[in-house]
Amino acid sequence: MDKTNLKKEYTNGEVTVVWQNGKCIHSRVCFTGLPSVFDPSHRPWISIHGATTQEIIDQVKKCPSGALSYYMNDASNQEAETMETVVEVRPNGPLIIYGTLKVRDREGNESIKNKTTAFCRCGGSHNKPYCDGSHLKNGFEG
């Protein structure tokens with residue numbers, strides 16, 4: 001098992017939250033926004049019953065790296081959203097893109113992102129084009 005690329009799921013019956021540690025940039029958006037669900041000082045660190053389904057969905061959508069995602073458990077509710085696209089430049093950090101995006105990597109592989117995505121701006125990410133938090137270690141200013 002590759003401990004740097006784990007995928008865990010947590011469900012409350014209505015929604016399942018998926019966490020992928022290999023994508024996490026430790027932005028702290030999850031636990032500062034909804035500490036009743038996301039608490040890295042506890043194990044498991046996600047307490048899925050700590051908030052309403054809608055509160056959980058709203059917070060997961062704010063994850064800048066895509067490490068957190070969700071899906072609805074009811075097969076008839078396969079929520080698909082299209083979001084307005086907005087770009088935010090974080091001081092000394094990544095470009096945060098909110099919205100529906102088609103991302104094509106160097107090899108030509110495409111993926112659709114219907115949420116918040118963080119793109120590397122410092123050049124140090126080991127997960128390009130996505131931010132992996134390297135800007136915190138390499139002293140990036142911008």
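Colleague: Which residue of strand 2 stands opposite Thr11?

Modeller: Let's start with the two strands in this predicted model. Strand 1 covers residues 7-11 and strand 2 covers residues 15-20. They run antiparallel, with 5 bridges joining them. Within strand 2, the residue facing Thr11 is Thr16.

Colleague: And which residue in the turn of that hairpin has a positive phi?

Modeller: Strand 1 and strand 2 make up the hairpin, and 3 residues lie between them. In this turn, the residue with a positive phi, of about 100°, is Gly13.

Colleague: Which residue of strand 3 is the bridge partner of Trp19?

Modeller: Strand 2 pairs with strand 3 as well, again antiparallel and over 5 bridges. Strand 3 takes in residues 68-72. There, Trp19 has as its bridge partner Leu68.

Colleague: In what order do the strands of the open sheet lie?

Modeller: We can build the order from the pairs. Strand 1 is joined to strand 2, and strand 2 pairs with strand 3. The open sheet therefore has 3 antiparallel strands, with strand 1 and strand 3 at its edges, each left without a neighbour on one side because each has a single partner strand. From one strand to the next the twist averages 25°, and the order is 1-2-3.

Colleague: Which helix packs on the sheet?

Modeller: Strand 2 and strand 3 are good places to look; in this pair, Val18 has Ser69 as its bridge partner in strand 3. A helix of residues 53-60 touches both strand 2 and strand 3. Its direction makes about 140° with that of strand 3, and the helix is helix 2.

Colleague: Which side chains of strand 3 point to one face and are buried?

Modeller: The side chains alternate along strand 3. Ser69 and Tyr71 point to one face and are not buried. Pointing to the other face, and buried, are Leu68, Tyr70 and Met72.

Colleague: Is Gln20 buried or exposed?

Modeller: Gln20 sits in strand 2. Leaving out neighbours within four places in sequence, Gln20 is in contact with Leu6, Lys7, Gly66 and Ala67. The relative accessible area of Gln20 is 18%, and buried means under 20%, so Gln20 counts as buried.

Colleague: How many disulfides does the structure hold?

Modeller: Cys120 and Cys122 are worth checking. For the sulfur of Cys120, the closest cysteine sulfur is in Cys122, 3.9 Å away. A disulfide needs the two sulfur atoms within 2.5 Å, so this pair is too far apart for a bond. The number of disulfides in the structure is 0.

Colleague: Which residue shares a salt bridge with Arg90?

Modeller: The count of salt bridges comes to 1. Arg90 is partly exposed at 28% relative accessible area, and the other residue is partly exposed too, at 29%. The N to O distance is 2.8 Å, and the partner of Arg90 is Glu88.

Colleague: What is omega for the peptide bond between Arg43 and Pro44?

Modeller: Most peptide bonds are trans. The bond joining Arg43 and Pro44 is cis, and Pro44 lies in the loop between helix 1 and helix 2. Its omega is about -5°.

Colleague: Which proline follows Lys128 across a cis peptide bond?

Modeller: The bond in question has omega near 10°. The proline is in the loop between strand 6, residues 110-119, and helix 3, residues 134-138. Coming from Lys128, the cis bond leads to Pro129.

Colleague: What is the phi of His26?

Modeller: Most residues other than glycine have a negative phi. His26 is not a glycine, yet has a positive phi. His26 lies in the loop between strand 2 and helix 1, and is exposed at 61% relative accessibility. The phi of His26 is about 55°.

Colleague: Where is Asn92 placed?

Modeller: Asn92 has a positive phi of about 55° although it is not a glycine. At 37% relative accessibility, Asn92 counts as partly exposed. Its place is the loop between strand 4 and strand 5.

Colleague: To finish, how many helices and strands does the chain have?

Modeller: Starting at the N terminus, the elements run β-β-α-α-β-β-β-β-α. Counting each kind gives 3 helices and 6 strands.

Technical notes: Residues numbered from 1 in each chain as written. Predicted model: local features only at pLDDT ≥ 70, side-chain atom pairs only at ≥ 80, totals over all residues. Heavy atoms only, no water. Pairing = 2+ DSSP bridges. Helix = DSSP H or I, 4+ residues; strand = E, 2+ residues; numbered from the N terminus. Buried < 20%, exposed > 50% of the residue type's maximum accessible area, 1.4 Å probe, protein only. Salt bridge = Lys/Arg side-chain N within 4 Å of Asp/Glu carboxyl O. Axes fitted to C-alpha atoms, helices over the stretch in contact; angles between N-to-C directions. Contact = heavy atoms within 4.5 Å.
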